[in-house]
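Work through the exercises below with the coordinates open. Each one has a task sentence and a stepwise solution.

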Amino acid sequence: MSQVTISPAQPKPNPYWRGEVTPNLYQKPDIITSTAHTTCWRGVVSPSVCTSGAKVCW
């Protein structure tokens, strides 16, 4: 079995109350670690909504 590697991947927001997340709604900075990329934006109901992305290769 080969080695598994995990690396950050920028996620695309999936808003549930808006049709899209416009650039002025993003909250900076993004949180990027060795295994995940987290992006947050101002929500309609919640003050902040976040999503994370990662890429897994083996």
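The exercises that follow concern a predicted model.

**Exercise 1. Strand pairing**

Task: Determine which strands β3 pairs with, and in which direction they run.

Solution.
- Step 1. Locate the strands: β2 covers residues 26-32, β3 covers residues 37-41, and β4 covers residues 49-57.
- Step 2. Take β2 and β3. They run antiparallel and are joined by 4 bridges. The connection from β2 to β3 is a hairpin of 4 residues. In this pairing Ile32 is opposite His37.
- Step 3. Take β3 and β4. This pair is also antiparallel, with 5 bridges. Trp41 of β3 faces Val49 of β4, and Cys40 has Cys50 as its bridge partner.
- Result. β3 pairs with β2 and with β4, antiparallel in each case.

**Exercise 2. Burial of β3**

Task: Find how many residues of β3 are buried, and sort them by the way they point.

Solution.
- Step 1. Apply the cut-off: a residue is buried when its relative accessible area is under 20%.
- Step 2. Test two residues. Thr39 has 2% and is therefore buried; His37 has 9%, so it is buried as well.
- Step 3. Count over the strand: 5 of the 5 residues of β3 are buried.
- Step 4. Sort by direction. One way point His37, Thr39 and Trp41, and the other way point Thr38 and Cys40.
- Result. β3 is mostly covered, and the residues pointing either way are buried.

**Exercise 3. The side chain of Asp30**

Task: List side-chain partners of Asp30 and give the distance for each.

Solution.
- Step 1. Classify Asp30. Its relative accessible area is 18%, so Asp30 counts as buried.
- Step 2. Look for polar contacts from β3. The side chain of His37 makes one with the side chain of Asp30 at 2.8 Å. Thr39 makes another, side chain to side chain, at 3.5 Å.
- Step 3. Look for a salt bridge. Lys28 forms one with Asp30, with the closest N and O atoms 3.7 Å apart. The pair qualifies because the cut-off is 4 Å. The count of salt bridges in the model is 1.
- Step 4. Classify Lys28. Its relative accessibility is 62%, so Lys28 is exposed. The salt bridge thus links Lys28, which is exposed, to Asp30, which is buried.
- Step 5. Check the wider contacts. Leaving aside neighbours within four places in sequence, the contacts of Thr39 include Tyr26, Asp30 and Val49. On the same basis, those of His37 include Asp30, Ile31 and Thr51.
- Result. The partners found are His37 at 2.8 Å, Thr39 at 3.5 Å and Lys28 at 3.7 Å.

**Exercise 4. A peptide bond in β2**

Task: Establish whether the peptide bond between Lys28 and Pro29 is cis or trans.

Solution.
- Step 1. Place the residue: Pro29 belongs to strand β2.
- Step 2. Read omega for the bond, which is about 0°.
- Step 3. For background, most peptide bonds are trans.
- Result. Lys28 and Pro29 are joined by a cis peptide bond.

**Exercise 5. A nonpolar surface patch**

Task: Identify the residues that make the nonpolar surface patch and describe the surroundings of Ile6.

Solution.
- Step 1. Name the members: Val4, Ile6, Val56 and Trp58 make a patch of about 440 Å².
- Step 2. Place two of them. Val4 sits in the segment before β1, and Ile6 is in β1 itself.
- Step 3. Compare with the range for partly exposed residues, which lies between 20% and 50%. Val4 has 42% and so counts as partly exposed; Ile6, at 43%, is therefore also partly exposed.
- Step 4. Relate Ile6 to β4. Strands β1 and β4 run antiparallel and are joined by 4 bridges, and Ile6 stands opposite Val56.
- Step 5. Add the contacts and a distance. Not counting residues up to four places away, Ile6 touches Ser34, Thr35, Ala54, Lys55 and Val56. The C-alpha atoms of Ile6 and Trp58 are 9.0 Å apart, although 52 residues separate them along the chain.
- Result. The patch consists of Val4, Ile6, Val56 and Trp58, with Ile6 and Val56 facing each other across β1 and β4.

Terms used: Residues are numbered from 1 along each chain as its sequence is written. This is a predicted model: local features need pLDDT of at least 70, side-chain atom pairs count only at pLDDT 80 or more; totals for chains, interfaces and linings use all residues. Side-chain values use heavy atoms; hydrogens and water are left out. Patches are made of residues with over 30% relative accessible area and no salt bridge: like charges are joined within 9 Å, nonpolar side chains (Val, Leu, Ile, Met, Phe, Trp, Tyr) within 5 Å. Accessible areas come from the Shrake-Rupley method with a 1.4 Å probe; for residues, only the protein chains shown count as cover. Helices (H or I, at least four residues) and strands (E, at least two) are DSSP runs, numbered from the N terminus. Buried means under 20% relative accessible area, exposed over 50%, partly exposed in between (1.4 Å probe, protein chains only). A polar contact is a pair of N or O atoms within 3.5 Å; within protein, one must be able to donate a hydrogen and the other to accept it, and residues adjacent in sequence count only if both atoms are side-chain atoms. Contact means heavy atoms within 4.5 Å. Two strands pair if DSSP finds at least two bridges between them.
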